[in-house]
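Biologist: I'm new to this one, so please take a close look at the pockets for me. Walk me through what lines them, and follow the trail into whatever sits behind.

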Amino acid sequence: MANSRLRTAMTKCGATVEAVARDTEVSPKTVQRWLSGRLPHPRHRHAVAHLLGEDEEFLWPEAAIQQAAGIGGAAEIVAAYPRRAHVDVGRWWRLIEGAERQIDLLGFTLYFLPQQHPELIDVLLSKCQAGCQLRIVIADPESDSVRSRDEEEGEPITLVARIQTSLKAFEPLLSCESADMRFQDAPLYNSIFRFDDEMFVTPHLYATPGNAAPLLHLRRLGPSGLFSRFAAHFEGLWADTRPLRQDRPQQAVRSGE
């Protein structure tokens, strides 16, 4: 049975088959199959619903039963890369620019982000001023974990030097009430980069710099998937951080979902 709700929603917002295919990274023929009644993959349903400004349950009511049964372990994995350096810079920028509600950044230094994106701070500042909540967590440069990690990596530019560079780069954001930046000194098992309902996760490997570590691109489909597990991990670390500026109250911890 043809999906008249999907066709009507596309017509309403002027989205062509080609535009939907481009946004969801599938072929136009696949979109035609969706219009003919085929149920898309969960991550594609999420992307199409976001593009069209409709509820996923409205566009595909038959998916509700599957959703209630739980999310498969791999359903939220959009892509996996052997190295973070393999991720196209444009993909990073699309997620950064597209975030409207929440951006969470967790890593040892986050040094590469402003280096990789010269306009990053201006864009983040603009988003914060528009109400987007920004939380940044980096390692305490005086912590034992930083000293141990420096010895492991043996990089020419030390973690402490990269942290100091990041602090200087991100400093303008501290003028915005919607932004907060904090230190953590717990063992850091992964880096997390959350942009609303999408996330990059980089597990830390022994003696391996971040740009050479694997990366997962996740997209949230529900409250019980991989995305929420890593989001909850961020919340746990956030609760144990200390502010760079002691005069700022700690923001309330949000749900891991």
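**The pockets and what lies behind them**

Modeller: Let's begin with the second largest pocket, where the lining splits into nine nonpolar, seven polar and five charged residues. Keep in mind that this is a predicted model. That pocket holds about 390 Å³ of space. It has 21 lining residues, and R84, T109, R162, G210 and N211 are the closest to its centre. Three elements each give two or more residues to that lining: α10 (144-153), α11 (159-170) and β5 (190-195).

Now for the largest pocket, with about 730 Å³ of space. Its lining counts 23 residues, and those nearest the centre are D23, H50, L95, E198 and R219. Here the elements that supply two or more residues are α2 (17-24), α4 (42-52), α7 (89-98) and β7 (215-219). The largest share is from α4, which puts in five residues. Sorted by class, this lining has 12 charged, six polar and five nonpolar residues.

Two of those lining elements lead us on to helix α9. Both α7, from the largest pocket's lining, and α11, from the second largest pocket's lining, pack against the buried residues of α9. So do β2 (102-106), α8 (112-116), β3 (133-139) and β4 (179-184). The helix itself, residues 120-129, is mostly covered, with seven of its 10 residues buried. Those seven are L120, I121, V123, L124, L125, K127 and C128. In an α-helix there are 3.6 residues a turn, so residues three or four places apart point the same way. Just past α9, G131 has a positive phi of about 110 degrees.

C128 brings up the cysteines. There are zero disulfides in the structure. C176 takes part in none, and its nearest cysteine sulfur, on C128, sits 4.5 Å away. A disulfide needs the two sulfurs within 2.5 Å, so this pair does not count as one. C176 is buried because its relative accessible area is 9%, under the 20% cut-off. C13, in contrast, counts as partly exposed, at 38% relative accessibility.

How far can you trust the picture? Mean pLDDT for the chain is 88, with 91% of residues at 70 or more. Residues 247-257 are a weak spot, since pLDDT stays under 50 there. The model does give that stretch 40 contacts beyond four places in sequence. Still, where pLDDT is low, the predicted coordinates should not be read in detail.

Terms used. Residues are numbered from 1 along each chain as its sequence is written. This is a predicted model: local features need pLDDT of at least 70, side-chain atom pairs count only at pLDDT 80 or more; totals for chains, interfaces and linings use all residues. Side-chain values use heavy atoms; hydrogens and water are left out. pLDDT is the predictor's confidence in each residue, from 0 to 100. Contact means heavy atoms within 4.5 Å. On a 1 Å grid over the protein atoms alone, a cavity is a set of points where a 1.4 Å probe fits but cannot get out, and a pocket is an open set with protein on both sides within 12 Å along at least five of seven lines; lining residues have an atom within 4 Å of a point. Grid points are joined across faces, edges and corners, and a volume is the space filled by probe spheres set on the points. Helices (H or I, at least four residues) and strands (E, at least two) are DSSP runs, numbered from the N terminus. Ala, Val, Leu, Ile, Met, Phe, Trp, Tyr, Cys and Pro count as nonpolar, Asp, Glu, Lys and Arg as charged, and the others, Gly among them, as polar. Buried means under 20% relative accessible area, exposed over 50%, partly exposed in between (1.4 Å probe, protein chains only).
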